[in-house]
Amino acid sequence: VGIFVPCVGGELPHQPLVALSKGHAHPEVTTVVVGNQDQEGNIFALVRGSGMQIDEPTFEDRVMRAYFAPLGLASFVHGVYADTLANAAQTGDYFNATSQILGDYLVRCGVAAMIDALTNHSSALAAWRYEFVHHPAPLRSPLYFLNATHGTELPYVFDRARDYKQSFTKEEEEFSFTLNDVWANIISTGVP
């Protein structure tokens with residue numbers, strides 16, 4: 001399951017999925033929120049490539065060989081993403097394919113596994129999953145060109161634009177207040 005599994009800040013004796021699989025969950029935890037962004041893998045694709053352009057040799061070396069070949073999954077990944085990779089081969093640009101594959105592998109699969117584990121663990125536990133799709137306004141965020149990628153929801157959820165060296169438009173400020181209210185409601189009542 002993905003590399004990035006949900007975690008609460010600080011040191012935990014076990015990763016949440018391991019703890020749940022062993023039947024270890026804190027009895028006072030009644031609500032959990034986990035999620036991802038619609039273009040989760042853009043930041044990983046940027047790091048694995050040479051900027052926003054990734055060609056086939058770079059993709060095969062920095063994605064397939066680095067992540068999937070050691071696990072014996074390269075053929076499987078090529079099969080699952082055959083259409084995505086065919087489109088990349090046709091255009092010569094593997095950035096979006098890299099983003100999709102790494103976003104799924106590194107984050108989305110872990111989020112899905114966490115939700116499954118939580119809902120299978122306890123019928124009394126409320127597990128909420130989100131997908132953040134808002135793209136930051138151009139030039140108001142240092143990573144605006146990556147759209148809704150890993151971590152872009154944080155300044156909105158916690159109303160902390162200045163901590164992330166970005167500024168909100170009026171609409172984004174209102175959106176941030178709404179998200180903050182939704183998360184506060186989940187924490188206080190267990191529902192959005």
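## Confidence of the predicted model

Among the elements of the protein chain in this predicted model, helix 1 (residues 16–21) has the lowest mean pLDDT, at 74, whereas helix 5 (residues 82–91) has the highest, at 96. Taken over the protein chain, the mean pLDDT is 81, and 83% of the residues reach 70 or more. Where pLDDT is low, the predicted coordinates should not be read in detail.

## Overall architecture

The protein chain contains eight helices and two strands, and these elements follow one another along the sequence in the pattern α-β-α-α-α-α-α-β-α-α. Of the 192 residues in the protein chain, 36% are buried. When contacts with a separation of 6 or more are considered, 65% of them are accounted for by residues 24 or more positions apart.

## The strand pair

Strand 1 (residues 31–37) is largely enclosed by the rest of the structure, because five of its seven residues are buried. Its partner is strand 2 (residues 126–132), to which strand 1 is joined by seven bridges, with the two strands running parallel. Within this pairing, Gln37 stands opposite Phe132 in strand 2. In a regular strand the side chains alternate between the two faces of the sheet.

## Helix 6: span and bend

Helix 6 has 27 residues, which at 1.5 Å a residue should span 39 Å, and the distance of 37 Å between its end C-alpha atoms agrees with that expectation. Helix 6 nevertheless bends by about 45° at Asp104.

The residue at the bend also takes part in a side-chain pairing, since Asp104 meets Arg108 in a salt bridge with an N to O distance of 2.7 Å. Both residues lie in helix 6 (residues 95–121), where a separation of four residues places them about one turn of the helix apart. With the cut-off for a buried residue set at under 20% relative accessible area, Asp104 counts as buried at 12%, and Arg108 likewise counts as buried at 12%.

## Salt bridges in helices 3 and 8

Side chains of opposite charge can pair when their charged atoms come close. The count of salt bridges comes to three, and one of them, between Asp104 and Arg108, has been described above.

In helix 3 (residues 56–68), Arg65 and Asp61 are four residues apart, and are therefore separated by about one helical turn. Arg65 forms a salt bridge with Asp61 in which the closest N and O atoms are 2.1 Å apart. Arg65 is exposed, with a relative accessible area of 55%, while Asp61 is partly exposed, with a relative accessible area of 31%.

Helix 8 (residues 170–189) holds Lys170 and Glu173, which are three residues apart and so are separated by about one helical turn. The side chains of Lys170 and Glu173 meet in a salt bridge at an N to O distance of 3.8 Å, which falls under the rule that the nitrogen be within 4 Å of the carboxyl oxygen. Lys170 counts as exposed at 52% relative accessibility, whereas Glu173, at 31% relative accessibility, counts as partly exposed.

Definitions and conventions:
Residues numbered from 1 in each chain as written. Predicted model: local features only at pLDDT ≥ 70, side-chain atom pairs only at ≥ 80, totals over all residues. Heavy atoms only, no water. Buried < 20%, exposed > 50% of the residue type's maximum accessible area, 1.4 Å probe, protein only. Expected span 1.5 Å × (residues − 1). Bend = angle between axes of the 7 residues up to and from the residue. Pairing = 2+ DSSP bridges. pLDDT = per-residue confidence, 0-100. Contact = heavy atoms within 4.5 Å.
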